[in-house]
Amino acid sequence: MAEPDARGIRVGFLTKSALTKVEELSDFPDGLSPVQVDDEGGTIEQMGRSALRARIRKGGATIDVVSVHLKSKLLSYPGGRFSPRDEGERARYSVYALHRRAAEAPAVRAGAVELLGGDGRENRVIVAGDLNDEPQAATTQILLGPGGSEFGSTGFDRADKGDADRMWNLELLIPEDERFTRIYRCQRELIDHILVGHALTDSIDSVTTGGVGISSVTDSPGRRNAAEASDYRPLVATFNLN
């Protein structure tokens, strides 16, 4: 597991196979300025929750996996508040949260680029976790790398130089009626994602969010303090590595 954040939240792996090359990813990439996070001008240069990467061997294949949990869309304010004093404070802290998530995405992307090694057609790489944004959000799109193809599009079966660095989002392989992992204010959201390098695009058997019933959540996390079940549906992908 990675080191926990201030709230004790962290990412990790649950596996029956041995892991190697386990390493945390946290630093923002070179060239990216520190990000402001509060009204006092405080800044950060690392992810709030480190990503964790590891290597696993399965079925004769070597796979590098990165587990991610980007900055939440849930806003928190000074003093541990989850409610703003006024609309101005809400707007400012919305920007701070968005900037944090936007800076964390290229930190993870830099780690994926290193693992792909310019040869995504051969090097098997998975980036998975709670990205806290929808598939078309700018932060999610950063992780995909070069644009040009999605599953099912006319460009998917056409090889190009972008395939060496591109990550493919499995969202379109989820049955349409299951294409959500959270219900926020009664609206379904897909904010958890599994991205794979080109070498794994032909190995996918199925992708599902488990068919688990969940309740709608709000901006008041304290209302779920007594909850026994998760407010997220599990995003599960099965691969055939033979």
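**A walk through one predicted protein model**

Hi everyone, let's start at one residue: lysine 71 sits in the loop between β5 (61-69) and α1 (87-116). Before I go on, please keep in mind that we are looking at a predicted model.

So, is lysine 71 buried or exposed? Its relative accessibility is 13%, and the cut-off for buried is under 20%, so lysine 71 counts as buried. Now look at what surrounds it. Leaving out residues up to four places away in sequence, lysine 71 touches Arg49, Ala97, Arg100, Arg101, Glu104 and Asn132. Take alanine 97 from that list: it is 26 residues away from lysine 71 along the chain, yet their C-alpha atoms are separated by 6.8 Å. The side chain of lysine 71 also reaches the backbone oxygen of leucine 74, at 3.3 Å.

Let's follow another of those contacts, because Asn132 is on the list of residues that lysine 71 touches and Asn132 is buried as well, with a relative accessible area of 2%. You will find asparagine 132 in the loop between β6 (124-130) and α2 (138-144). Here is something to check on your screen: asparagine 132 has a positive phi of about 55°, although it is not a glycine. Why point that out? Most residues other than glycine have a negative phi.

There is another residue of this kind to look at. Lysine 21 has a positive phi too, about 50°, and it is not a glycine either. Where does lysine 21 sit? Its place is in strand β1, which covers residues 19-27. As for its surroundings, lysine 21 has 56% relative accessibility, so it counts as exposed.

Next, please turn to aspartate 163. It is found in the loop between α2 and β7 (167-169). Aspartate 163 is buried, with a relative accessible area of 1%. Which residues does aspartate 163 touch, not counting those up to four places away in sequence? They are Gly120, Arg121, Arg158, Trp168 and His198.

One last residue, valine 113, has its place in helix α1. With 37% relative accessibility, valine 113 counts as partly exposed. Its C-alpha is 6.6 Å from the C-alpha of aspartate 165, and the two are 52 residues apart in sequence.

Now let's step back and view the whole chain. How many helices and strands does the protein have? There are 2 helices and 12 strands. Reading along the sequence, you meet them in the order β-β-β-β-β-α-β-α-β-β-β-β-β-β. The radius of gyration is 18 Å, close to the 18 Å that the globule rule gives for 242 residues, so the protein is as compact as a globular protein of that length. If you draw a box along the principal axes, the C-alpha atoms fill roughly 55 × 45 × 40 Å.

What about contacts across the sequence? Among contacts with a separation of 6 or more, 69% are between residues 24 or more positions apart. The pair of lysine 71 and alanine 97, 26 residues apart along the chain, is one we have already met.

Let me finish with the inside and the outside. Buried residues make up 42% of the 242 residues. The protein exposes about 13000 Å², and carbon and sulfur atoms supply 48% of that. Finally, the charges: there are 30 positive and 37 negative ones, and their mean positions are 3 Å apart.

Thanks for listening, and do turn the model around yourselves!

Conventions:
Residues are numbered from 1 along each chain as its sequence is written. This is a predicted model: local features need pLDDT of at least 70, side-chain atom pairs count only at pLDDT 80 or more; totals for chains, interfaces and linings use all residues. Side-chain values use heavy atoms; hydrogens and water are left out. Helices (H or I, at least four residues) and strands (E, at least two) are DSSP runs, numbered from the N terminus. The radius of gyration is taken over C-alpha atoms; the globule rule is 2.2 Å times the number of residues to the power 0.38. Buried means under 20% relative accessible area, exposed over 50%, partly exposed in between (1.4 Å probe, protein chains only). Contact means heavy atoms within 4.5 Å. Accessible areas come from the Shrake-Rupley method with a 1.4 Å probe; for residues, only the protein chains shown count as cover. Lys and Arg count as positive and Asp and Glu as negative; His and the chain ends are not counted. The place of a charge is taken as NZ of Lys, CZ of Arg, CG of Asp or CD of Glu. A polar contact is a pair of N or O atoms within 3.5 Å; within protein, one must be able to donate a hydrogen and the other to accept it, and residues adjacent in sequence count only if both atoms are side-chain atoms.
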